[in-house]
Amino acid sequence: MPARTLLCLLMTLSSLSAIEIGEKLPPLKGEFLTGREAVLPAAAQGKPALLAIGFTYKSRFAVEEWVKHFRADFDKEPRATFFEVPIIGGMAKMGKWFIDSGMRRGTPKADHEHVVTVYNEAGEWKKRLNFKEPDAAYMVLLDKDGAVAWRFTGGYDAAKYAECAAKLKSLLNP
């Protein structure tokens, strides 16, 4: 890689900062488990959306716990949606076929359009989400326009979930 290209890349990466409340989510590109291309926040189709993002295999436990509670409260709410978003970087990208196959087998077919696997820009998204805890869930609630309305990093927390649910209700009933 030429030195100039490397310098530009490093400058771009260093200029990324954590996404703040009120900022529009930059396009997050991946694939649904169905194999169809996915771009968030556009895939939410103008609905508020909870993104449950994880960066490690262990983070899936935190992500699944958050989603379980979200679904219990909002599964029948057609004006809101959610996405589980595993962001896979490093050498694990080489196992894409195996990883996606395993996720498809472990995920009910009806949920395949709620899982978006991302195999690029892991470093950029770690910066955007202020990555510090590898096995945490990085929770991002988007409003209908794709702007960040609420954020939290960690395992499932009932008080934080209540905050998220209240914020979502306020987005649904302004």
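## Exercises on a predicted model: strands, sheet and salt bridges

In the hairpin formed by S1 and S2, 4 residues lie between the strands, and Gly-35 among the residues of this hairpin takes a positive phi near 95°. The model is predicted, so to speak of local features requires pLDDT of at least 70 and side-chain atom pairs count only at pLDDT 80 or more, whereas totals for chains, interfaces and linings use all residues. Residues are numbered from 1 along each chain as its sequence is written, and side-chain values use heavy atoms, with hydrogens and water left out.

**Exercise 1. Determine how S1 and S2 pair, and which side chains of S2 are buried.**

Step 1. Helices (H or I, at least four residues) and strands (E, at least two) are DSSP runs, numbered from the N terminus. Two strands pair if DSSP finds at least two bridges between them.

Step 2. Strand S1 (residues 28-32) is antiparallel to S2, with 4 bridges between them. Lys-29 has Val-39 of S2 as its bridge partner.

Step 3. Buried means under 20% relative accessible area, exposed over 50%, and partly exposed in between (1.4 Å probe, protein chains only). In a regular strand, side chains alternate between the two faces of the sheet.

Step 4. In S2 (residues 37-40), Ala-38 and Leu-40 point to one face and are buried, while Glu-37 and Val-39 point to the other and are not.

**Exercise 2. Describe the open sheet of 4 strands and the helices that pack on it.**

Step 1. The strand order is S4-S3-S6-S7, and the pairing is mixed. Strand S4 (81-86) and strand S7 (148-154) are the edges, each pairing on one side only. From one strand to the next, the twist averages 15°; axes are lines fitted to C-alpha atoms, for helices over the stretch in contact, and angles run from 0 to 180 degrees between N-to-C directions.

Step 2. Strand S6 (residues 137-142) and S7 run antiparallel and are joined by 6 bridges. Within this pair, Met-139 has Phe-152 of S7 as its bridge partner.

Step 3. Contact means heavy atoms within 4.5 Å. Helix H5 (residues 158-172) packs on the sheet and touches S3, S6 and S7, its direction making about 165° with that of S7. Helix H2 (residues 59-74) lies across strand S3 (49-54), S4, S6 and S7, and runs at about 175° to S4.

**Exercise 3. State the number of salt bridges and characterise the residues in three of them.**

Step 1. A salt bridge is a side-chain nitrogen of Lys or Arg within 4 Å of a carboxyl oxygen of Asp or Glu. By this rule there are 6 salt bridges.

Step 2. Glu-65 and Lys-68 form one of them, at 3.3 Å from N to O. Because these two residues are 3 apart in helix H2, about one helical turn separates Glu-65 from Lys-68. Glu-65 is partly exposed at 27% relative accessible area, and Lys-68 is partly exposed at 48%.

Step 3. Arg-71 and Asp-75 form a salt bridge whose closest N and O atoms are 3.3 Å apart. Arg-71, at 24%, is partly exposed; Asp-75, at 46%, is also partly exposed.

Step 4. Glu-77 and Arg-79 meet in a salt bridge of 2.8 Å, N to O. Glu-77 is buried at 19%, whereas Arg-79 is partly exposed at 39%.

**Exercise 4. Locate Arg-128 and relate its position to Pro-26.**

Step 1. Arg-128 belongs to helix H4 (residues 122-128) and is buried, with a relative accessible area of 14%.

Step 2. Arg-128 and Pro-26 are 102 residues apart in sequence, but their C-alpha atoms are 9.4 Å apart in space.
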